[in-house]
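Let's walk through this one together, a question at a time. Have the sequence and the model open as you read.

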Amino acid sequence: MSILAPFLALFLATLLVAYHRLSLVVFTALSATLLVAVGLAGANLTATVVAGVLLALATLPLLITPLRQSAITAPLLKFYTKILPPLSDTEKTALEAGTVGFEGELFSGMPKWADLLAQPKPQLTAEEQAFLDGPVEQACRMTNDWDITHVRNDLPPELWDYLKKQKFFGMIIPKEYGGLGFSALAHHKVIQKLASISATLSSTVGVPNSLGPAELLLHYGTDEQKKHYLPRLADGREVPCFALTGPTAGSDATSIPDYGIVTEGDWNGARVLGVKLTFDKRYITLAPVATVIGLAFRLYDPNKLLGEEADRGITLALIPRETAGLEIGRRHFPLNCAFQNGPVRGKEIFLPLSQLIGGEDYVGQGWRMLVECLSVGRAITLPSTSAGASKLAAVVTGAYARIRKQFGLSIGRFEGVEEALARIAGNAYAAAALSQSTAAAVDRGEKPAVPSAIAKYHATEMAREVAKDAMDIHGGKGVILGPMNYLGRGWQAAPISITVEGANIMTRSLMIFGQGAIRCHPWVLKEMQAAQHPDPETRLREFDANLFGHIGFAISNAVRSWILGLTAARIGKAPGDAYTKRYYRKLNRYSANLALVADTSMLLLGGKLKFKEKLSGRLGDVLSQLYISSAMLKRYEDEGRPAAEQPLLAYAFHDSAHKIELALSGALRNFPIRPVGWLLWMLVFPFGRRAQAPSDRLGRRAAALLMSPSDARDRLASGTFLTPCENNPAGRINSYLPKVILAEPVERKFLKALKNSDIEALDFPSQLAEGVAEGWITAEEKVQLEELRTLTWDAITVDDFDPADLVSASLHRGQPAAQHRAA
């Protein structure tokens with residue numbers, strides 16, 4: 001046999017063991033067995049002996065634990081503690097907050113898909129479904145978005161009263177405190193439906209049920225605080241807001257300049273220990289109408305009244321609106337969206353310690369409290385809002401594209417429009433799956449820090465893309481504002497969701513991978529914690545176990561990336577049916593790619609990685625698209641693998657795969673250490689980047705689903721407000737679709753006959769009458785075409801106004817057109 005046979009045997013053993021992630025003992029035994037086998041088969045004796053010696057030198061020092069720890073691990077531990085990037089208290093809190101769910105598997109390089117598919121299908125209780133079918137439906141029927149955004153710049157009083165009476169503001173508050181006690185899934189479904197009729201309505205309901213006084217009190221409030229505030233928040237007697245952002249502290253929330261000084265003061269006629277607060281906050285949703293203001297500030301205790309520390313850290317408080325010195329500023333005007341928003345200020349306002357959330361026990365714990373709760377609120381409100389708007393836009397734009405005709409054809413038949421419709425379908429499908437997935441994670445008891453950042457960023461970005469494509473397809477119908485317009489305000493409001501709860505640029509470039517790389521990685525956080533253990537023996541033992549687990553993990557992912565790249569991910573164990581098995585295999589490959597590139601980046605760049613925001617953003621995109629694809633596959637399984645839904649799943653999945661490879665390509669082509677980038681490219685893309693954007697044929701099938709009634713279309717629209725009432729032009733247009741389709745053959749027949757005739761009538765009614773007289777159509781078909789004309793006219797009609805109606809009310813009152821307070 002060849003002199004290379006023993007070395008080839010070692011190479012094959014390495015590939016086999018690393019691919020299947022087997023132990024070093026298994027590798028040693030398998031390699032030794034193969035060397036004996038090739039030796040007996042006649043391989044070159046010298047080569048076999050040399051291969052055996054190399055195997056012994058490589059494995060024996062690692063298999064003998066005391067030798068490994070003293071000769072290898074101890075020096076590496078010393079080096080590691082020197083290069084370990086320092087973490088600020090803020091970063092430590094963010095890393096320790098929240099939990100890790102299936103996103104951890106996506107970082108493993110070998111996801112356990114059975115864990116994902118074993119998760120129960122998200123389902124509402126009968127009570128929650130009844131609330132959606134009853135009060136939520138009624139609230140939508142009461143909503144006239146044009147009246148809200150143009151006439152009142154607020155919800156009408158009767159709608160405010162209805163929301164309070166039906167406890168919309170108490171969905172997350174347990175029944176024992178007078179709330180509805182709903183699940184996160186129900187919270188998601190309610191916000192999704194409200195968003196499909198009005199962004200102002202969904203924001204108004206979403207904020208009290210997201211990060212704010214109610215959630216903070218539930219987790220950290222004293223018994224007295226819970227008993228007093230939660231029932232009042234549940235039934236609307238108290239309207240909450242939470243003041244975090246200030247003029248100089250936006251994304252960098254921990255640098256807030258607002259402060260409180262521990263001192264004595266008067267409260268309700270008694271002399272008590274408390275805090276004097278000075279603060280200036282802005283962009284605070286519900287502030288203009290809030291009766292209780294949650295506040296984040298830095299607490300100082302210069303006179304050591306609470307203890308020995310002077311700087312006690314970020315602390316949270318509740319300020320009643322009637323508190324002396326509190327200033328509720330005038331309203332902000334966020335892009336013609338009418339939700340209540342404005343500044344709050346105060347100078348040396350006194351509050352007793354009993355108004356600190358959690359009381360004295362939680363002094364200085366504010367940042368941890370915010371981070372832990374933020375992941376839950378961020379996982380639901382904005383992703384659900386985006387999903388509701390996207391799903392509504394998808395089905396109504398599909399109906400409009402079928403109804404609206406140009407050049408004798410439905411505009412949806414033109415390939416340019418078809419291309420935009422396909423993008424809308426894919427994005428709406430992905431946003432729906434993503435938003436439901438994060439809500440389901442909350443219901444499983446998770447605090448999904450990384451998935452919530454993924455959902456917030458990508459759902460809002462997808463909603464913006466859907467709004468853009470829908471506006472393009474609608475043309476003038478989308479541009480002309482008025483009661484008939486159901487897109488314009490959503491288009492205007494899209495940047496709001498992009499900006500709030502963590503600006504998307506920062507979320508992508510800093511948070512998703514920044515947290516995910518450490519939190520989701522199976523070894524990195526364990527290594528960091530082991531290296532900081534106070535006991536030397538324990539520190540060495542735990543670091544040794546985690547270090548060599550990490551080394552084996554890295555080798556496995558390098559091998560898996562290469563093999564799955566060579567085979568185009570056509571091998572390997574995967575769940576799913578005949579249609580989706582290939583999708584799971586692709587995700588196996590991309591998971592290994594992500595783990596390999598992330599490991600290499602952290603190893604070679606260390607603490608500098610957090611300043612490489614473009615690299616971090618691209619790797620975050622990979623993790624995000626893996627999570628989104630997993631959510632879509634889970635939805636497909638939960639729905640019973642509906643064949644009719646496959647074009648939507650396929651379009652959205654291929655779009656995600658294409659984005660994953662683009663992100664990996666960008667990361668490797670721009671890797672700071674060029675030779676390492678070239679080596680990684682050979683492992684990740686041995687045959688080059690192959691994933692393509694969804695094909696035109698697939699896009700045609702996805703677009704067609706939006707333009708024809710079907711079970712798949714109904715599932716996509718599920719949970720949106722499509723009741724065809726007077727205040728819902730989108731619902732009316734959607735309801736016209738079946739009748740329009742039934743009338744199309746008659747319309748074609750009539751127009752063809754009219755084109756070939758010499759009838760001189762120019763108006764449509766006369767033409768129809770001539771058509772009946774000539775026998776082209778029957779009297780019944782004439783009625784059908786008259787109805788078609790009425791439906792079409794309602795669909796394409798836009799509003800116009802008397803010029804005086806568009807003049808600011810302030811001018812009618814003889815006041816200047818605009819007044820503002822300089823920042």
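Q: In which loop does Glu501 lie?

A: Two bits of housekeeping come first. This is a predicted model, where local features need pLDDT of at least 70, side-chain atom pairs count only at pLDDT 80 or more, and totals for chains, interfaces and linings use all residues. Residues are numbered from 1 along each chain as its sequence is written, and side-chain values use heavy atoms, with hydrogens and water left out. Helices (H or I, at least four residues) and strands (E, at least two) are DSSP runs numbered from the N terminus, and Glu501 lies in the loop between helix 20 (488-499) and helix 21 (504-519).

Q: What is phi of Glu501 near?

A: Most residues other than glycine have a negative phi. Glu501 is a residue other than glycine with a positive value, and its phi is near 55°.

Q: Is Glu501 buried or exposed, or in between?

A: Buried means under 20% relative accessible area, exposed means over 50%, and partly exposed is in between (1.4 Å probe, protein chains only). Glu501 has a relative accessible area of 28%, so the word for Glu501 is partly exposed.

Q: Which residue in the loop between helix 10 (157-165) and helix 11 has a positive phi?

A: The residue is not a glycine, and its phi is about 65°. At 29% relative accessibility it counts as partly exposed. The residue found in that loop is Lys167.

Q: What is the relative accessible area of Ile191?

A: Ile191 has its place in helix 11 (residues 184-195). Leaving aside neighbours within four places in sequence, Ile191 is in contact (heavy atoms within 4.5 Å) with Met171, Ser202, Val205, Gly206, Thr381, Ser384 and Thr385. Ile191 is buried, and its relative accessible area is 0%.

Q: What separates the C-alpha atoms of Ile191 and Ala769?

A: Ala769 sits in helix 31 (residues 764-774), and at 40% relative accessibility Ala769 counts as partly exposed. Along the chain, Ile191 and Ala769 are 578 residues apart, and their C-alpha atoms are separated by 49 Å.

Q: Which backbone oxygen lies 2.7 Å from a polar atom of the side chain of Thr204?

A: Thr204 is in helix 12 (residues 199-206) and is buried, with a relative accessible area of 2%. Not counting residues up to four places away in sequence, Thr204 touches Leu155, Trp160, Phe169, Leu286 and Phe339. The backbone oxygen at 2.7 Å from the Thr204 side chain belongs to Thr200.

Q: How are helix 17 and helix 25 placed relative to each other?

A: Two packed helices are described by the angle between their axes and the distance between the axes. The axes are lines fitted to C-alpha atoms over the stretch in contact, with angles from 0 to 180 degrees between N-to-C directions. For helix 17 (residues 415-443) and helix 25 (residues 613-638), the axes come within 8 Å and cross at roughly 90°. Angles under 35 degrees count as roughly parallel, over 145 as roughly antiparallel, 65 to 115 as roughly perpendicular and the rest as oblique, so helix 17 and helix 25 are roughly perpendicular.

Q: How many nonpolar residues does the contact of helix 17 with helix 25 have?

A: Helix 17 brings residues including Tyr429, Leu434 and Thr438, which meet helix 25 residues including Tyr627, Met632 and Arg635. Ala, Val, Leu, Ile, Met, Phe, Trp, Tyr, Cys and Pro count as nonpolar, Asp, Glu, Lys and Arg as charged, and the others, Gly among them, as polar. By class, this contact of helix 17 with helix 25 has two polar residues, one charged residue and, for nonpolar, 10.

Q: How many residues of strand 4 are buried?

A: Strand 4 (residues 292-300) runs parallel to strand 1, joined by four bridges; two strands pair if DSSP finds at least two bridges between them. Three bridges join strand 2 (residues 259-267) to strand 4, also parallel, while strand 5 (residues 311-320) pairs with strand 4 in the antiparallel sense over nine bridges. Strand 4 is largely enclosed by the rest of the structure, because its buried residues number eight of the nine.

Q: Which residue in strand 4 stands opposite Ala243?

A: In strand 1 (residues 240-243), Pro240 and Phe242 point one way and Cys241 and Ala243 the other, and all are buried. Cys241 stands opposite Ile293 in strand 4. For Ala243, the residue opposite is Leu295.

Note on methods. Polar contact = N/O pair within 3.5 Å; in protein donor to acceptor, adjacent residues only side chain to side chain.
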